[in-house]
Amino acid sequence: MVNVWCKPENDVWINLIGGTKHWSLLFYKHFQGHAHFVVIDQNNKELNLDTLEETHVEPLITIDEIFGLHGVEATYRSINEYTLEDLKCVEQIERLRQCNYKVFNMITRYLSEHPNETEYEIESCYIRETPAGYDCHFERTNSRGFTHQANETLTSSHARQLLLNTGWFEYKVANVISRWYEVDQVWLNCEIKTDSDPNPINELDIVVLTKSHKWLMVECKTQIYEGTNIDKFSEVVRKYTGIGSKKIFVTEKLMGAKHQSRCKFSQIDYFNMEEILSNINAFYDRLSKLMITINPQ
């Protein structure tokens, strides 16, 4: 119980949040005629219960404030930092990867786990950092003895970031989302940290702020090996960005039925890049409908 002492001319604001329906009814019954009551939903619509007039609220909150409210800070990159050279780099990386998926994954994983290493070679395939950029050679010999090769020099300033940890795929997804007509700002590689620990405690691949001041969180995976990836993503969004935020999962190819069920259980909309690129406008329409859907409490 809270006692509030004030003069008759003072304004008193009482915030009644989730799980307080009984208290809300009691306050309304007791203070009706002596207070103004408004309700704000997840789409920032404000309903005045006295006049039944509905207006739109435009909250002014930054990405830093979103995480700061939870006692953490975030580092991130704006998509505006990227250039056409980065898009070219993504296309080059995809050609290298398609040449020899297995070895490409082995080499990039090694370089990711050894940040001070500048080159690595397996089975005549290699990635080497040079003054000109990243010199990459991949090859694969099929059962008929034919050898397919891919040679690329990556000159983008974000080349290493795009090469490792499927950064190329995250940027490819972010670039498509950035052209959505509802988008205001897009950030990549959002690392969540505490003041006491410089190492990230959690990550979000893509964070999107729409023109209607709503938040969309995006997780990107070329493929899902463990369902726990879905659970972890859902928990990070719930913990740090609030119940009104939306979340989607994007994979390179169609997600398996088991993981689709897990996404549905966690109330995550899921997409694959083959589907998105085949009809981008349909993807944008689905996002627009998602953003005005009220999340269940």
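Author: The expected span of a helix is 1.5 Å times one less than its number of residues. Helices (H or I, at least four residues) and strands (E, at least two) are DSSP runs, numbered from the N terminus. The structure above is a predicted model, in which local features need pLDDT of at least 70 and side-chain atom pairs count only at pLDDT 80 or more, while totals for chains, interfaces and linings use all residues. Residues are numbered from 1 along each chain as its sequence is written, and side-chain values use heavy atoms, with hydrogens and water left out.

Reader: What makes the length of H6 agree with the expected value?

Author: H6 has 12 residues, for which 16 Å is expected at 1.5 Å a residue. From its first C-alpha to its last, H6 reaches 16 Å, close to that expectation.

Reader: How do you know that H10 has the span of a helix of 13 residues?

Author: The 13 residues of H10 (residues 280-292) should span 18 Å, and the end C-alpha atoms are 19 Å apart, which agrees. H10 is one of 10 helices in the protein, which also has 13 strands.

Reader: Why is H6 called largely enclosed?

Author: A residue is buried under 20% relative accessible area, exposed over 50% and partly exposed in between (1.4 Å probe, protein chains only). In H6, 10 of the 12 residues are buried, so the helix is largely enclosed by the rest of the structure. Among them are Trp 168, Phe 169, Glu 170 and Tyr 171. For the protein, 39% of the 297 residues count as buried.

Reader: How do you know that the buried residues of H10 lie on the same side?

Author: The buried residues are Phe 283, Tyr 284, Leu 287, Ser 288, Leu 290 and Met 291. They cover an arc of only 160° around the axis, which puts them on the same side of H10; the arc is that of the directions from the helix axis to the C-beta atoms. The face turned away from this side carries the exposed residues Asn 281, Lys 289 and Ile 292. The buried residues of H10 pack against several elements, including helix H6 (167-178), strand E10 (197-210) and helix H9 (273-278).

Reader: Why is the pair of Phe 104 and Phe 138 called tilted?

Author: Rings of Phe, Tyr and Trp (its six-membered ring) pair if their centres lie within 6.5 Å; planes under 30 degrees apart count as stacked, over 60 as edge-to-face and the rest as tilted. A search of the whole structure finds 10 aromatic pairs. Phe 104 and Phe 138 are 5.7 Å apart centre to centre, with 50° between the planes, and the pair is therefore tilted. Phe 104 lies in helix H4 (residues 101-113) and Phe 138 in strand E7 (residues 133-141), 34 residues apart. Both are buried.

Reader: What makes the pair of Trp 187 and Trp 215 stacked?

Author: Their centres are 6.1 Å apart and their planes 20° apart, so the pair meets the definition of stacked. Trp 187 lies in strand E9 (residues 183-194) and Trp 215 in strand E11, so the pair ties together parts 28 residues apart in sequence. Trp 187 is buried at 7% relative accessible area, and Trp 215 is buried at 8%.

Reader: Why is Cys 263 called buried?

Author: Cys 263 has 0% relative accessibility and therefore counts as buried. Cys 220 is also buried, with a relative accessible area of 2%. A search of the whole structure finds zero disulfides, a disulfide being a pair of cysteine sulfur atoms within 2.5 Å.

Notes. Contact = heavy atoms within 4.5 Å.
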